[in-house]
Amino acid sequence: MQYRSLGAVSARVSALGFGCMRLPTTGENANIDEPLATQMLRHAIDQGVNYVDTAYGYHGGNSERLVGRALRDGYRERVLLATKLPHWNVQTYADMDRILNEQLERLQTDHIDAYLLHSLDRAAWTKLFELGVLGWAEGALRDGRIRYLGFSFHDTWAVFKEIVDASDLWSFCQIQYNYMDVDENPGTRGLEYAAARGLGVVVMEPLLGGKLVNPPAPVQALWDESPTPRSAPDWGLQWVWNHSEVGVVLSGMSTMQHVVENLASASHSGPGTLTAEDLALVERVRATYRDLCPIPCTGCQYCMPCPNGVEIPRNFGLLNQGVMYNTLSNMRERYARMPEDQRASACIGCRECEDKCPQHILISEEMPRVHAVLGEGQSYSCSTGRP
Ligand SMILES: NC(=O)c1ccc[n+]([C@@H]2O[C@H](COP(=O)([O-])OP(=O)(O)OC[C@H]3O[C@@H](n4cnc5c(N)ncnc54)[C@H](OP(=O)(O)O)[C@@H]3O)[C@@H](O)[C@H]2O)c1
């Protein structure tokens, strides 16, 4: 295992961290396959992983409980344990203490090493800030229930900078970072800014939640050009580890094979591992993925609200992701779970949205096509650009 620094966190952290959001289940998301998940977690720790990330809400609350049990028998002392305060469950100042104490109980520990304000965006940050979260966290740091404070993040670069600059209490942050998410959320600029401010950076979604592991043919053809054979997941992970500003990279491993493969990847990781040719290839892969995007929707929401209630950017997002990342069957399931009146099929072609779209997308013409692919199972042909 390779070890790396994580900002103000005194211990060196393993390059690979265990993300406990995608543990193996026996059906429903809340039903974790406890023997297998425990075996996977302990195997990773035995092989040198020393950072375990969970959250109050993962697997309906059962991720924290499972981690608490899996870390018995001496494993707890071998890891930095991270969990998160869910802002959506916080309505009062007192809720913060109540939730943290419940987490300590679930995790069977007297302290959380790395405590994060979970999934901050502007609204969540404003709410927590106004409720006095920083004063509360300072107290929890002082009484030892928390060792390091951080936040995980999903918003723009400007919001990220505002949050980083808002407090000296932050030791680290957690951002979504992979070779596709370089421009936003908060992208490479955010990574570099946090590191320059002395914050450790924990990376989540290094494989875009699994979307980068099964490349469509044009992307696979590029990977096949490389003289160094690597699997798509290995390419994705190595690209993240190649950044010296990155501390620990969390992977949400859901099988033992993922654990074994990603441990192997971590063992030959590090800044400078990728050559200039490798990095140029990744740039071509990124461009190819982006070229595969059928609808140039940026999700800006300018088209909303639709007078008929259609969730326009969401419909485009599902089609784009399905086509780009070879995950159409997954996206069709998500489309089927959307309320019927929000689906593309509910578009009546009034065209009220079209003047507002900065990308000049002919939304009323695209909606029936979106429905044909997502709702009726028609195939999408990249070469024709149309279902
Ligand atoms: N704080 C937040 O707001 C937040 C948000 C997201 C994530 N997180 C944390 O960050 C962790 C990492 O994010 P993530 O789970 O999205 O990570 P990720 O690595 O981008 O995606 C994980 C998925 O990638 C696939 N995968 C991983 N290794 C693989 C391999 N060797 N071969 C083939 N497929 C592989 C699996 O997909 P399949 O299961 O489909 O096979 C797995 O579920 C999470 O587990 C969670 O702890 C935090």
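Contact, in these exercises, means heavy atoms within 4.5 Å. The structure is a predicted model.

**Exercise 1. Determine which residues Arg69 touches, leaving out residues up to four places away in sequence, and describe its setting.**

Solution.

Step 1. Locate the residue: Arg69 belongs to helix H2, which spans residues 62-70.

Step 2. Apply the contact criterion. Beyond the excluded sequence neighbours, Arg69 touches Glu34, Arg42 and Gln108.

Step 3. Look for polar contacts. The side chains of Arg69 and Glu34 are joined by one of 2.8 Å.

Step 4. Assign the exposure class. Partly exposed covers the range between 20% and 50% relative accessible area; Arg69 is therefore partly exposed, since its value is 33%.

Step 5. Compare sequence and space for a second pair. Arg69 and Pro218 are 149 residues apart in sequence, and their C-alpha atoms are 44 Å apart.

**Exercise 2. What is the sign of phi at Gln108, and where does this residue lie?**

Solution.

Step 1. Read the torsion: phi of Gln108 is near 55°, a positive value in a residue other than glycine.

Step 2. Set this against the general expectation. Most residues other than glycine have a negative phi.

Step 3. Place the residue. Gln108 sits in the loop between helix H3 (93-106) and strand E6 (112-120); its relative accessible area of 40% makes it partly exposed.

Step 4. Examine another case. Asn326, in the loop between H12 and helix H13 (328-337), has a positive phi near 60°. Asn326 is partly exposed, with a relative accessible area of 40%.

**Exercise 3. Characterise the peptide bond from Asn185 to Pro186 and the surroundings of Asn185.**

Solution.

Step 1. Inspect omega. The bond from Asn185 to Pro186 is cis, with omega near -10°.

Step 2. Recall the general case: most peptide bonds are trans.

Step 3. Locate the bond. Asn185 lies in the loop between strand E8 (170-176) and helix H7 (187-196), and Pro186 is found in the loop between E8 and H7.

Step 4. Classify Asn185. Buried means under 20% relative accessible area; Asn185 has 16%, so this residue counts as buried.

Step 5. List the contacts. Outside four places in sequence, Asn185 is in contact with Phe153, His154, Asp155 and Gln176. The Asn185 side chain makes a polar contact of 3.4 Å with the side chain of Gln176, and the Asn185 side chain also reaches the backbone nitrogen of Asp155 at 3.4 Å.

Step 6. Continue into the helix. The buried residues of H7 are Gly187, Gly190, Leu191, Tyr193 and Ala194. These buried residues pack against helix H6 (157-165), E8 and strand E9 (200-204). Just after H7, Gly198 takes a positive phi of about 85°.

Step 7. Note another cis bond. Met304 and Pro305 are joined by a cis peptide bond with omega of about 0°; Pro305 is in the loop between helix H11 (276-292) and helix H12 (312-324).

**Exercise 4. How many disulfides does the structure hold?**

Solution.

Step 1. State the criterion: a disulfide requires two cysteine sulfur atoms within 2.5 Å.

Step 2. Give the count. The structure holds 0 disulfides.

Step 3. Check one cysteine. The sulfur of Cys353 is the nearest cysteine sulfur to Cys347, at 6.4 Å, and Cys347 is in no disulfide.

Step 4. Add exposure. Cys347 is partly exposed, with a relative accessible area of 28%, whereas Cys357 counts as buried at 8%.

**Exercise 5. Which residues have the most contacts inside the largest nonpolar core?**

Solution.

Step 1. Identify the core. The largest nonpolar core has 88 residues, and Phe18, Leu85, Leu117 and Phe151 have the most contacts inside it.

Step 2. Find the leading contributor. Helix H9 (residues 232-241) gives the most to this core, with 6 residues.

Step 3. Separate the other core. Apart from the largest core lies another of 25 residues, including Val310, Met367, Val373 and Leu374.

Step 4. Expand on one residue. Not counting neighbours within four places in sequence, Leu85 is in contact with residues including Val90, Met96, Ile99, Tyr115 and Trp136.

**Exercise 6. Which residues come nearest to the ligand, and how much of its accessible area does the protein cover?**

Solution.

Step 1. Survey the surroundings. Of the 28 residues around the ligand, Arg22, Asp53, Leu207, Gly209 and Ser254 come nearest.

Step 2. Collect polar distances. A nitrogen atom of the ligand is 3.0 Å from a side-chain N or O atom of Glu261. A polar side-chain atom of Tyr58 lies 3.3 Å from a ligand nitrogen atom, and a polar backbone atom of Cys20 is 3.5 Å from a ligand oxygen atom.

Step 3. Evaluate coverage. On its own the ligand has 900 Å² of accessible area, of which the protein covers 85%.

Terms used:
Residues are numbered from 1 along each chain as its sequence is written. This is a predicted model: local features need pLDDT of at least 70, side-chain atom pairs count only at pLDDT 80 or more; totals for chains, interfaces and linings use all residues. Side-chain values use heavy atoms; hydrogens and water are left out. Helices (H or I, at least four residues) and strands (E, at least two) are DSSP runs, numbered from the N terminus. Buried means under 20% relative accessible area, exposed over 50%, partly exposed in between (1.4 Å probe, protein chains only). A polar contact is a pair of N or O atoms within 3.5 Å; within protein, one must be able to donate a hydrogen and the other to accept it, and residues adjacent in sequence count only if both atoms are side-chain atoms. A nonpolar core is a set of buried Ala, Val, Leu, Ile, Met, Phe, Trp, Tyr and Cys residues joined through side-chain atoms within 4.5 Å. A residue is near a molecule or strand if one of its heavy atoms lies within 4 Å of it. Accessible areas come from the Shrake-Rupley method with a 1.4 Å probe; for residues, only the protein chains shown count as cover.
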